[in-house]
Amino acid sequence: MRELVIGIDSGTQSTKALVVDAKNGRVLGEGAKAYGLIDGLPAGAKEQHPADWIDATESSIRAALRQAKATATEVRAIGVSGQQHGFVPLAKKGQVIRPAKLWCDPSTADECDAIMAKLGGLKGAVKELGNAVLPGFTAGKILWLKKHEPKNFKRLATVLLPHDYLNYWLTGNAVMEYGDASGTALLNVRTRKWSKKTLKAIDAGLEAKLPKLISSDQSAGTLQASTAKRLGLSWDYSHPSEDFAEMNQTMNSLDHITWDRLESENAVTYPSLDETDPGQPIVFGMVSRAKPGGRGSPLPPLSCRRKPLMTTSRWC
């Protein structure tokens with residue numbers, strides 16, 4: 001049986017998917033679906049319905065799987081890259097409260113100025129965060145929701161980015177990778193912790209609504225049953241642990257992969273299987289240029305004992 005991995009790139013204009021043979025790096029199938037911005041919004045506002053990303057992801061994956069003639073149990077991992085900075089507000093049970101404000105939405109400039117003023121201006125923001133609080137970042141969007149849509153803000157239970165929301169749909173886990181978090185203007189990039197001073201400038205209860213932070217060498221989770229059913233994939237199967245070392249060696253021998261077809265420029269590393277409990281999930285990272293056999297190999301080792309794993313790769 002083949003060992004396949006799926007790569008997803010969810011951008012501002014479309015979502016693309018590839019099915020790749022994990023042993024030789026050959027692209028076996030691909031799919032894509034475009035979408036647009038919501039019409040009729042005030043000047044400068046740029047928003048999308050997160051449901052459009054989900055529909056496009058499902059369509060793209062199914063098209064790629066058909067082209068690859070893949071069976072449900074051949075897929076061992078799914079790697080996700082996606083647009084950063086946008087704000088996806090979720091209610092207590094995971095429902096999307098309103099459309100997502102995107103990275104290219106400058107309508108939160110006043111809110112960004114208000115946050116920076118509480119941090120001591122630009123110099124104070126850079127000292128506290130390592131970043132200015134820019135309209136493209138997430139922080140101003142959260143304060144915008146509180147100011148302009150207080151009823152929706154009252155329902156807010158979880159703050160996610162577009163990339164995080166795809167991982168949430170796939171795994172049921174609300175997590176955010178440190179690189180993504182650095183583009184929220186909520187994270188102190190030096191300490192790699194949420195900035196309490198910045199959170200307080202937005203809302204005293206905001207920290208409880210932020211997702212768990214994880215490194216790019218950690219898995220976002222495993223494919224949940226409801227999503228697996230929509231995608232026609234298996235969500236519970238065995239994978240003998242004795243195959244792990246051999247598979248790791250095979251993956252590290254690859255010297256190229258066409259992730260550029262997903263327009264991904266990520267460069268993440270991951271632990272080798274001999275450094276990690278083979279029964280635990282291991283991240284799948286994607287790189288566009290890598291040294292053969294190195295720790296930045298084009299594809300990571302496969303370590304899925306029961307369910308396809310999810311990555312925390314990012315794109316902007």
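Salt bridges come first today, and in this predicted model the count comes to 13 of them. I will walk through a few of these pairs, and then turn to a cavity.

Let me start with D55 and R230, whose side chains meet in a salt bridge with a distance of 3.7 Å from N to O. D55 belongs to helix 1, which covers residues 50-68, while R230 belongs to helix 9, residues 225-231, so this pair ties together parts of the chain that are 175 residues apart in sequence. If you look at how much of each partner is accessible, D55 has a relative accessibility of 37% and counts as partly exposed, and R230, at 34%, counts as partly exposed as well.

The next pair is E111 with K147, where the closest N and O atoms are 3.8 Å apart. Here the link runs between distant parts of the chain, from E111 in helix 2, residues 109-119, to K147 in helix 4, residues 138-148, with the two positions 36 residues apart in sequence. Is E111 buried or exposed? With a relative accessible area of 3%, E111 is buried, because buried means under 20%. Its partner K147, on the other hand, has a relative accessible area of 55% and is exposed, since that word is used for values over 50%.

A third pair to find on your screen is K196 and E207, whose side chains form a salt bridge at 2.9 Å, again from N to O. K196 sits in helix 8, residues 196-202, and E207 in the loop between helix 8 and strand 12, which is 212-214, so the parts tied together are 11 residues apart in sequence. K196 counts as exposed at 57% relative accessibility, whereas E207, at 36%, counts as partly exposed.

Not every salt bridge has to be read as a separate pair, for E47, R98, K101, D105 and E149 are linked together in a network of them.

Now to the cavities. The model has two cavities of 30 Å³ or more, and I would like to describe the second largest, which has a volume of about 40 Å³. Which residues line this second largest cavity? They are S10, W53, G82, Q83, P162, H163 and L166, and the largest share of that lining, three residues, is contributed by helix 6, residues 162-171. Sorted by class, the lining of this cavity consists of three nonpolar and four polar residues, with no charged residues.

Note on methods:
Residues numbered from 1 in each chain as written. Predicted model: local features only at pLDDT ≥ 70, side-chain atom pairs only at ≥ 80, totals over all residues. Heavy atoms only, no water. Salt bridge = Lys/Arg side-chain N within 4 Å of Asp/Glu carboxyl O. Helix = DSSP H or I, 4+ residues; strand = E, 2+ residues; numbered from the N terminus. Buried < 20%, exposed > 50% of the residue type's maximum accessible area, 1.4 Å probe, protein only. 1 Å grid on protein atoms, 1.4 Å probe; cavity = no way out; pocket = protein on both sides within 12 Å on 5 of 7 lines; lining within 4 Å. Points joined across faces, edges and corners; volume = space filled by probe spheres on them. Nonpolar A, V, L, I, M, F, W, Y, C, P; charged D, E, K, R; others polar.
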